[in-house]
Amino acid sequence: MHQSDQDIRNRLLIARLPAMPQILIKLIAHLQADDAGMPELAALIAKDAGMTSKILGVANSSAYHRQSKVVSLEQSLVSLGTDMIKTLVISESVFQTFNSFPHSGSTDLRAFWKSSLSAAVMARALAKAMAYPHVEEAYLAGLLHNVGRLALLAAAPKEYAFNFTARDDAALCAVEQRTLQITHAEAGAWLIERWHLDSFLADSVLYHHEPLARLEASHPLIRIVRLAHLLCCHADDAESITQAANLCALDVEVLEDLTGSVARQVAQAAQHLGIDLTGADDIATPPAYAPPSIDPVQQRLSDEVRNMVLVSEVGQTFARQQGESKLLEAITRSARILFDFDTAVILLQNPTGHALIGVAAGEHQQRLAGFSIPLAKGGPLAASALECQLAFLKRDLPALGIVEEQLFRILGTDSLVCVPLVAGQRSLGVLIGGVAAWQIPACQKREGFLRAYANQAATALETALSARGLARRQLDHVAEEYRAASRRVVHEVNNPLSIIKNYLSVLDHKLEKQEPVIGEMAILNEEIDRVGQLISGLADLQPVAVSGATDCARVVDDVLRLFRATDFLPPKIEVVTHMQDAPCEVEADADMLKQILLNLLKNAVEALPDGGRIEVANRGHVNRDRRLYLELCVSDNGTGLAPEVLANLFSPVRSSKEGAHHGLGLSIVHDLVTRLHGVIGCRSSKSGTSFEILLPVPLAASAAAALPAPGNIALSS
């Protein structure tokens, strides 16, 4: 396969190769414990019904016949002996696991398992001869040393079928590298590394074809498996066997004695395990190393379609995630599965676009939360994000800065794949995958697939970030509304508080003269209640106007009475009213109308510092847009408003008046009139200013006033 995006490791993942059985993991730990005894071993095996049945069956077989049948598992273990128990448990676990590989059922595996059993028995014998402390680990390493061939058969049956039964040597590895870009030794090590064992087991599988000259200082388990492989698969290569024996500090004569007993032990183990090795040496072998006949164009088309399907599926997965953190975890998790990253993290651009910052998702959350890379300082990671280009970094590159070295230490890897997350023309950050150095060429060949995946991830991320931004803007809007409402309440509370203060002064004066104060007390109670209502309204940013009919003339009289009885109305200002004899009912809340008139009258008073005249008039009914309104006008004969003030009259802008909340009065008036479903306008000139308010008339009154009457004005809309 010569296509750039073909990676057998991805196919190994898709093939869903089984994980190492839990009993085998626990057994390895058990065997390495110094105080492990037979009861503990029996308790472990008893957890697996199939394994228990196998042990009891072998213990009661003719090979271990006794005068009476063995009943208990612990008795069976004693009967079999430690070595046979370990052989049975390890072998049965491995066979159960790897015989469930895809395509294993349609392939004759007798020769494969005979070779694997032979290498396992030989490795254990060599370990004992070398006084290697973990002999069962050596047995397992020999049993698994060629498991990569099963994995390749499962992942690429068409390409690898010709080579599965070929002679296992360096030439086969060369063909595998050329056709699949991975050898069976690398595939087996990759598979075992995913089991996360605290052992050199994966290394022994990886290097079992390594040139002997490179293994002189290697771990003993690596040398044991290399020699076992030569003895079982290349018995005719005397020179290599001698060299490997010297690496293990063993005499050739010792090896000859070991070789003689291996065949018998393999046959015995196969019999107890129920593995048929009859004719294993006579299985027809296809021509060795025959390259598969593959149409490159058809293969590339197939790969492109597969990648498109995978990208589409991950895109749908991302779309289903609820919340930004879940999405980030899904992106890193999927990247590890699809591209075989040891670990994956995401760095996103901060809101100002000046740095890449770590996100608290997936692994290394605590350390990444405080991690930052300035984009302006350069470096390969910053360049990858800014230029939207993939970057492949190795730890030994001389151009790496401290931040890159930090990231290598955080991820605990020797190479990084940096994939920019680009949505449209916008760079959101980078996805960083930690890989082994030998994986870099394969990742480079899959650049197209990496980009397509990153585009899906970036699109989903942009949607999530936009949703987060919208939520933040909504919160900011609510907060601003609350602040505006607070300012309005403070402004409006000042009116009744001023009235209360003035009336207290009047009350004090009347009490001193022992005059009646019933009216003043009633007004004080009303204003105190109004303060409470205004403060309570702060909890509702958009209070609903109370419906009902209100006598406009009565509210005007109440407001003017408040002004005249206090210092709000200077003596040099004259207030006159023109309220018609006709009904003055409007569909409005009396307190809200009172607030409107208080603000307008206060503004009119402030517009007449040298005295003047204020007029409050009921100008009768107006028909506007087929709805009947009452027109109420508050005017003064002051100098008028400047054009720039008139243009922004009802906006909450800061005025030139003293005090923290001046300039809000007219915006509050406009808001109150709007809530009453009314209309307010303003006329201003050098001869004065007039505020004209249209307040809706109750529906019953509208029907009664439908006929033309004096004082009614009909305006066409």
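Angles between helix axes under 35 degrees count as roughly parallel, over 145 as roughly antiparallel, 65 to 115 as roughly perpendicular and the rest as oblique. Axes are lines fitted to C-alpha atoms, for helices over the stretch in contact, and the angles run from 0 to 180 degrees between N-to-C directions. The model is predicted: local features need pLDDT of at least 70, side-chain atom pairs count only at pLDDT 80 or more, and totals for chains, interfaces and linings use all residues. Residues are numbered from 1 along each chain as its sequence is written, and side-chain values use heavy atoms, with hydrogens and water left out.

The chain holds 29 helices and 14 strands. These are DSSP runs numbered from the N terminus (helices H or I, at least four residues; strands E, at least two). Of the 717 residues, 48% are buried. Buried means under 20% relative accessible area, exposed over 50%, and partly exposed in between (1.4 Å probe, protein chains only). Among contacts (heavy atoms within 4.5 Å) with a separation of 6 or more, 67% join residues 24 or more positions apart.

Helix H8 (residues 135-144) takes part in two packings described here. Its axis comes within 7 Å of that of helix H7 (residues 110-129), and the two cross at roughly 155°. H7 and H8 are therefore roughly antiparallel. Their crossing is right-handed. A crossing is right-handed if the near helix is turned clockwise from the far one by less than a right angle, and left-handed if anticlockwise. On the H7 side the contact includes Ser116, Leu117, Ala120 and Arg124; on the H8 side it includes Val135, Tyr139 and Leu143.

Helix H14 (residues 220-233) also packs on H8, at an angle of about 50° and with the axes 10 Å apart. The two helices are therefore oblique to each other. This crossing is right-handed. Glu137, Ala138, Ala141 and Gly142 of H8 meet Leu221, Ile224 and Val225 of H14. Ala138 and Gly142 also belong to the H8 side of the contact with H7.

Aromatic rings were examined next. Rings of Phe, Tyr and Trp (its six-membered ring) pair if their centres lie within 6.5 Å; planes under 30 degrees apart count as stacked, over 60 as edge-to-face and the rest as tilted. The count comes to four aromatic pairs. In one of them, Phe339 and Tyr453 are edge-to-face, at 5.3 Å centre to centre and with 80° between the planes. Phe339 lies in helix H18 (residues 324-339) and Tyr453 in helix H23 (residues 447-512), so the pair ties together parts 114 residues apart in sequence. Both residues are buried. Ring pairs link Phe339, Phe341, Phe449 and Tyr453 into a cluster.

Cys443 touches Phe341, a member of that cluster. Its other contacts, not counting residues up to four places away in sequence, are Phe392, Val417, Val435 and Leu450. Cys443 sits in helix H22 (residues 440-445). With a relative accessible area of 4%, Cys443 is buried. The C-alpha atoms of Cys443 and Phe392 are 8.6 Å apart, across 51 residues of chain.

The loop between strand E10 (612-624) and strand E11 (627-636) contains Asp625. Arg626 is placed in this loop too. Phi of Asp625 is positive, near 50°, in a residue other than glycine. Arg626, also not a glycine, has a positive phi of about 65°. Asp625 is exposed, at 52% relative accessible area. Arg626 is exposed as well, at 84%.
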